[in-house]
Amino acid sequence: MRVWIGCGGYTNDDWTAPGLIYEGVKKDAYLETYAHFFDAVELNSSFYAIPGIKAFEGMLRKSGGRTRFAVKLNKVFTHDRAPSDADFDRMLQSPEPLREAGVMGPYLAQFPYSFHRTADNRKYLLALAERFAGHELAVELRHASWDKPEVREGMAEYGLIWVSPDYPPVGGMPEPQVHVTTDVGYLRLHGRNKGSWWEGQSASERHDYLYTRAEMDEWAEKIALVADDLSELYVFFENTTKGHALKNIPMLREALNARGVPVQTPQPGEGRLL
């Protein structure tokens, strides 16, 4: 199993704090710097506006072909749920430079908590799977009504990747387990900030959480149990606030290596992670 580890987004201004990786780095050099430390990134900007081919060419150039990109679907697919044919065309065609370079990871469909398991929503998810047939599509379903074996069996039938999440213990959301529906796994670690998950005014507040080493050991154990079932695993830390993810990723790498799950660590050259 090849493990790819990175963060949810790379344009994190609070990483310019003293001792963090963007200290003294200009904004247009963030991705180049990021790619020296991490071999995968979850692209968040595509949720707000689908980048064009030129933009993806620029990302490929700045990352030097060292980083795998998981591309989040635009909100028209997951929140508005009214995509046009033009939206599908742009979403499927624009990342072509990444595919040609062999650094395209799965698409990510991040559905909101309000997307419950209803007949209409099941039909919508099936239609989306059909439109993305031939491409890896990871699906994050935040409402607990989806967290059932029969849902994952259906996803496996259509080649959809179940996104295994780590959420705060607030109830009503899927349990923190690694589930396998294809030979590619996808894990999103949101942190466990129970106090701000619902009340937080921003994603930054909700993800303001530093995992303990014991919590990273816990996830390493869960990952090790499914290592033989997967060819690839993507692990993305969403707790980028205040550089928390920068501290947690080395912990997870060490915990996985200690359990016989090899993790490749990019060689940053000059500079340091922390």
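Which elements do the buried residues of α3 pack against? In this predicted model, the buried residues of α3 pack against α1 (30-34), β2 (40-43), β3 (68-72) and α6 (96-101). Helix α3 covers residues 53-63, and its buried residues are Phe 56, Gly 58, Met 59, Leu 60 and Ser 63. After α3 comes Gly 64, which has a positive phi, near 65 degrees.

Strand β2, one of the elements that α3 packs against, contains Glu 42. Is Glu 42 buried or exposed? Its relative accessibility is 0%, so Glu 42 counts as buried. Leaving aside residues up to four places away in sequence, Glu 42 touches Cys 7, Gly 8, Gly 9, Ala 70, Leu 108, Tyr 186, Arg 188, Phe 236 and Glu 238. Among these contacts are a second glutamate, Glu 238, and an arginine, Arg 188.

The aromatic residues come next. The structure holds 22 aromatic pairs. One of them joins Phe 115 and Trp 146, whose ring centres are 5.4 Å apart; their planes lie at 10 degrees, so the pair is stacked, the cut-off for stacking being under 30 degrees. Phe 115 sits in the loop between β4 (104-110) and α7 (119-131), while Trp 146 sits in the loop between β5 (137-140) and α8 (149-157), so the pair ties together parts that are 31 residues apart in sequence. Both partners have little accessible area: Phe 115 is buried at a relative accessible area of 1%, and Trp 146 counts as buried at 2% relative accessibility.

A second pair is formed by Tyr 167 and Trp 197. Here the ring centres are 5.9 Å apart and the planes stand at 50 degrees, so the pair is tilted. Tyr 167 belongs to the loop between β6 (160-166) and β7 (184-189), and Trp 197 to the loop between β7 and α9 (203-206); the pair links distant parts of the chain, 30 residues apart. Tyr 167 and Trp 197 are both buried.

Other rings form a group. Ring pairs join Tyr 10, Trp 15, Tyr 22, Tyr 30, Tyr 34, Phe 37 and Phe 38 into a cluster. Tyr 30 and Tyr 34 of this cluster carry the numbers that begin and end α1 (30-34), one of the elements against which α3 packs.

Two tryptophans have an arginine over the ring. Arg 2 lies over the face of Trp 4, 3.7 Å from the ring centre. Arg 152 lies over the face of Trp 162, in this case at 4.7 Å from the ring centre.

The last stop is a pair of helices. How do α10 and α11 lie relative to each other, and at what angle do their axes cross? The axes of α10 (residues 213-225) and α11 (residues 244-258) come within 9 Å and cross at roughly 45 degrees. The two helices are therefore oblique to each other, and α10 passes α11 in a right-handed crossing. On the α10 side the contact is made by Arg 213, Met 216, Asp 217, Ala 220 and Ile 223. On the α11 side it is made by Asn 248, Met 251, Leu 252, Glu 254, Ala 255 and Leu 256.

Glu 218 also has its place in α10. With 31% relative accessibility, Glu 218 counts as partly exposed. Glu 218 and Leu 252 are 34 residues apart in sequence, and their C-alpha atoms are 9.5 Å apart in space.

Note on methods. Residues numbered from 1 in each chain as written. Predicted model: local features only at pLDDT ≥ 70, side-chain atom pairs only at ≥ 80, totals over all residues. Heavy atoms only, no water. Phe/Tyr/Trp six-rings, centres within 6.5 Å; stacked < 30°, edge-to-face > 60°. Helix = DSSP H or I, 4+ residues; strand = E, 2+ residues; numbered from the N terminus. Buried < 20%, exposed > 50% of the residue type's maximum accessible area, 1.4 Å probe, protein only. Lys NZ or Arg CZ within 6 Å of the ring centre and 35° of its normal. Axes fitted to C-alpha atoms, helices over the stretch in contact; angles between N-to-C directions. Parallel < 35°, antiparallel > 145°, perpendicular 65-115°, else oblique. Left-handed = near helix turned anticlockwise from the far one by under 90°. Contact = heavy atoms within 4.5 Å.
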